[in-house]
Amino acid sequence: MEVVAQSTKTIFVLAGQSNMSGRGGVIKDSQNNQKLWDRVVPLECQPHPNILRLSAKLKWEPAIEQIHADIDTKKACGVGPGMSFANSVRERITGVVGLVPCAVGGTAIKEWARGEELYENMVKRAKESVKDGGEIKGLLWFQGESDTSTQIEADAYQGNMEKLIENVRKDLGLPSLPIIQVAIASGLDDKNMEKVREAQLSINLPNVVCVDAKGLDLKKDHLHLTTESQVKLGNMLADAYLKHFSAS
């Protein structure tokens, strides 16, 4: 680990709710009436010596699925977009890809406001990630499904997201931090889902891009992306990073 710690680390913060932490391959165990991960790891999500994750204890370690298991602890985690993203990016950069998982399922954007536990933990983890070297090169954000429950929350989404971007850039001292957000593919109410999607796709700030998850296959719950969809999303996020930000 000492050799890795001194290597060049290109660091990405992963935040949002359950489709970022990953529910791909999570199935219901009828015998025990609980949800479990099927432990199927696609080729695109296999571990690699040059992909690390920051654990809940703030230690760098080899990244393996499920990368959010010790962060999003109240629900069963499965495959998210993080590992396929990292495997796509590592082929195009020098050194190590460092992932900083921060996503927690079922969370609304108001819970990611400055001063709230989720936001402050994300900032703390991001700051810790660069203490032994490396540079934060992006925030990957997939959240908004919980904000489709009411019209009030959906209408407020764009302003809340723009404030989050402003705050995280200021608090990390990275005024040009690349933000790659995902436009949601599911929600609790169709009309409000479209409002949140419109907000996500309408944000027009420097170094903020959006990839659209609409059209990716959902699980039978009609909320969460399948494993295959998560692999595709990770590749879409990597393509967006490499196209817009890799020279930054």
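**Close-up views of a predicted model**

**View 1. A positive phi at Asn207.** Asn207 sits in the loop between α6 and β9. The model shown here and in the other views is predicted. Most residues other than glycine have a negative phi. Asn207 is not a glycine, yet its phi is positive, near 60°. Is Asn207 buried, partly exposed or exposed? Asn207 counts as partly exposed, because its relative accessibility is 33%.

**View 2. A positive phi at His222.** His222 lies in the loop between β9 and α7 (227-244). His222 is not a glycine either, and its phi is positive at about 65°. With a relative accessible area of 59%, His222 is exposed.

**View 3. A cis peptide bond between Glu65 and Gln66.** Most peptide bonds are trans. The bond that joins Glu65 and Gln66 is cis, with omega about 5°. Gln66 belongs to the loop between β5 and α3.

**View 4. The open sheet.** Seven strands build this sheet. In what order do the strands run? The order is β5-β4-β6-β1-β7-β8-β9, and the pairing is mixed. The edges are β5 (60-62) and β9 (208-212), and each of these strands pairs on one side only. From one strand to the next, the twist averages 25°.

**View 5. Strands β1 and β7, with helices on the sheet.** Strands pair through backbone hydrogen bonds, either parallel or antiparallel. Strand β1 (residues 9-16) pairs with strand β7 (residues 135-142) in the parallel sense, over seven bridges. Here Ile11 stands opposite Ile136 in β7. Helix α3 (residues 82-90) lies across β1, β4 (51-54), β6 (96-101) and β7. Helix α3 runs at about 160° to β6. Helix α6 also packs on the sheet, where α6 touches β8 (179-183) and β9. The direction of α6 makes about 155° with that of β8.

**View 6. Helices α5 and α6 packed together.** Two packed helices are described by the angle between their axes and the distance between the axes. For α5 (residues 151-172) and α6 (residues 190-202), the angle is about 5° and the axes are 8 Å apart. Helix α5 is therefore roughly parallel to α6. Which residues of α5 take part? They are Gln151, Ala154, Asp155, Tyr157 and Gln158. In α6 they meet Asn192, Lys195, Val196, Ala199, Gln200 and Ser202. The contact residues divide into four nonpolar, five polar and two charged.

**View 7. Salt bridges of Arg53 and Glu153.** The model has 13 salt bridges by the rule used. In one of them, the side chains of Arg53 and Glu61 meet at 2.4 Å, N to O. Arg53 is buried at a relative accessible area of 5%, whereas Glu61 is partly exposed at 29%. The side chains of Glu153 and Lys110 form another salt bridge, at 3.9 Å, N to O. This pair links distant parts of the chain, 43 residues apart. Glu153 is in helix α5, and Lys110 is in the loop between β6 and α4 (117-129). Glu153 counts as buried because its relative accessible area is 19% and the cut-off for buried is under 20%. Lys110, at 54% relative accessibility, counts as exposed.

**View 8. Lys137, Glu135 and a network.** Lys137 forms a salt bridge with Glu135, and their closest N and O atoms are 3.8 Å apart. Lys137 is buried, with a relative accessible area of 14%. Glu135 is partly exposed, at 45%. Elsewhere, salt bridges with shared partners join Glu194, Arg197, Asp212 and Lys214 into one network.

Note on methods: Residues numbered from 1 in each chain as written. Predicted model: local features only at pLDDT ≥ 70, side-chain atom pairs only at ≥ 80, totals over all residues. Heavy atoms only, no water. Axes fitted to C-alpha atoms, helices over the stretch in contact; angles between N-to-C directions. Helix = DSSP H or I, 4+ residues; strand = E, 2+ residues; numbered from the N terminus. Parallel < 35°, antiparallel > 145°, perpendicular 65-115°, else oblique. Contact = heavy atoms within 4.5 Å. Nonpolar A, V, L, I, M, F, W, Y, C, P; charged D, E, K, R; others polar. Pairing = 2+ DSSP bridges. Salt bridge = Lys/Arg side-chain N within 4 Å of Asp/Glu carboxyl O. Buried < 20%, exposed > 50% of the residue type's maximum accessible area, 1.4 Å probe, protein only.
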